[in-house]
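The following exercises ask you to read a fold from its elements and contacts, one step at a time. Keep the structure open while you work through each solution.

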Amino acid sequence: MITELASLEKVIGVKQSRKAIREGRARQVFLACDADPAITGPVASSCTEAGIPLWEGYTMAQLGQACRIAVGASVVAVI
C-alpha cells in the first residue's frame, strides 16, 4: 500500500491531515511508528472516532520517501 502513496491524492503533515479527517475527506491515514506519540496520538483518536482505517507500520523516512518529499512525514492522509 505504501508504494501507491506517490500516485494517490493526499495531504502530508499533522495539521493538514487533521483538517482532512475533521472535514470527512480522509479515506485512510498513515502514522509513522517512530514519530512522537504526543503528535500522532490525537490523530489516531480522530481516526478511530471517524472510522477511518489507520496504518502504523512505517517510519517517518519511509512515509516521506513514499510521498516523494525530501524529509520524513509523521502523518499522511489519503483523500
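**Exercise 1.** Which residues of β2 lie on one side and which on the other, and are they buried or exposed?

Solution. The model is a predicted one, and the burial is read from its computed accessibilities, with under 20% relative accessible area counting as buried. In a regular strand the side chains alternate between the two faces of the sheet. In β2, Gln28, Phe30 and Ala32 lie on one side and Val29 and Leu31 on the other, and all of them are buried, which leaves both faces of the strand covered. The count agrees, since five of the five residues of β2 are buried.

**Exercise 2.** Determine which strands pair with β2, and in which sense, using valine 29 as a reference point.

Solution. Begin with β4, which runs antiparallel to β2 and is joined to it by four bridges; here valine 29 has alanine 77 as its bridge partner. Turn next to β3, which pairs with β2 in the parallel sense over three bridges, and in which leucine 54 is the bridge partner of valine 29. Finally, add the helix to the parallel pair: β2, α2 and β3 together form a right-handed β-α-β unit.

**Exercise 3.** Describe the extent of α2, its two ends and its two faces.

Solution. First, the extent: α2 covers residues 37–50, and its 14 residues reach 19 Å from the first C-alpha to the last, close to the 20 Å expected at 1.5 Å a residue. Second, the ends: at the start of the helix, a side-chain oxygen of aspartate 36 comes to within 3.0 Å of the backbone nitrogen of alanine 38, while after the helix comes glycine 51, with a positive phi near 75°. Third, the faces: Thr40, Val43, Ala44, Ser46 and Cys47 are the buried residues of α2. Because these buried residues fall within an arc of 160° when seen down the helix axis, they line one face of α2. The face turned away from the buried side carries the exposed residues Pro37, Ala38, Thr48 and Glu49.

**Exercise 4.** Work out what the buried side of α2 packs against, and follow threonine 40 as an example.

Solution. Taken together, the buried residues of α2 pack against α1 (14–22), β2 (28–32), β3 (54–58) and β4 (75–78). Threonine 40 belongs to this helix and counts as buried because its relative accessibility is 9%. Leaving aside residues up to four places away in sequence, threonine 40 touches Leu31, Ala32, Ala35, Ser74 and Val75.

Conventions
Residues are numbered from 1 along each chain as its sequence is written. This is a predicted model: local features need pLDDT of at least 70, side-chain atom pairs count only at pLDDT 80 or more; totals for chains, interfaces and linings use all residues. Side-chain values use heavy atoms; hydrogens and water are left out. The expected span of a helix is 1.5 Å times one less than its number of residues. Buried means under 20% relative accessible area, exposed over 50%, partly exposed in between (1.4 Å probe, protein chains only). The arc is that of the directions from the helix axis to the C-beta atoms. Contact means heavy atoms within 4.5 Å. A polar contact is a pair of N or O atoms within 3.5 Å; within protein, one must be able to donate a hydrogen and the other to accept it, and residues adjacent in sequence count only if both atoms are side-chain atoms. Two strands pair if DSSP finds at least two bridges between them. A crossover is right-handed if, with the strands pointing away from the viewer, the path from the first strand over the helix to the second runs clockwise.
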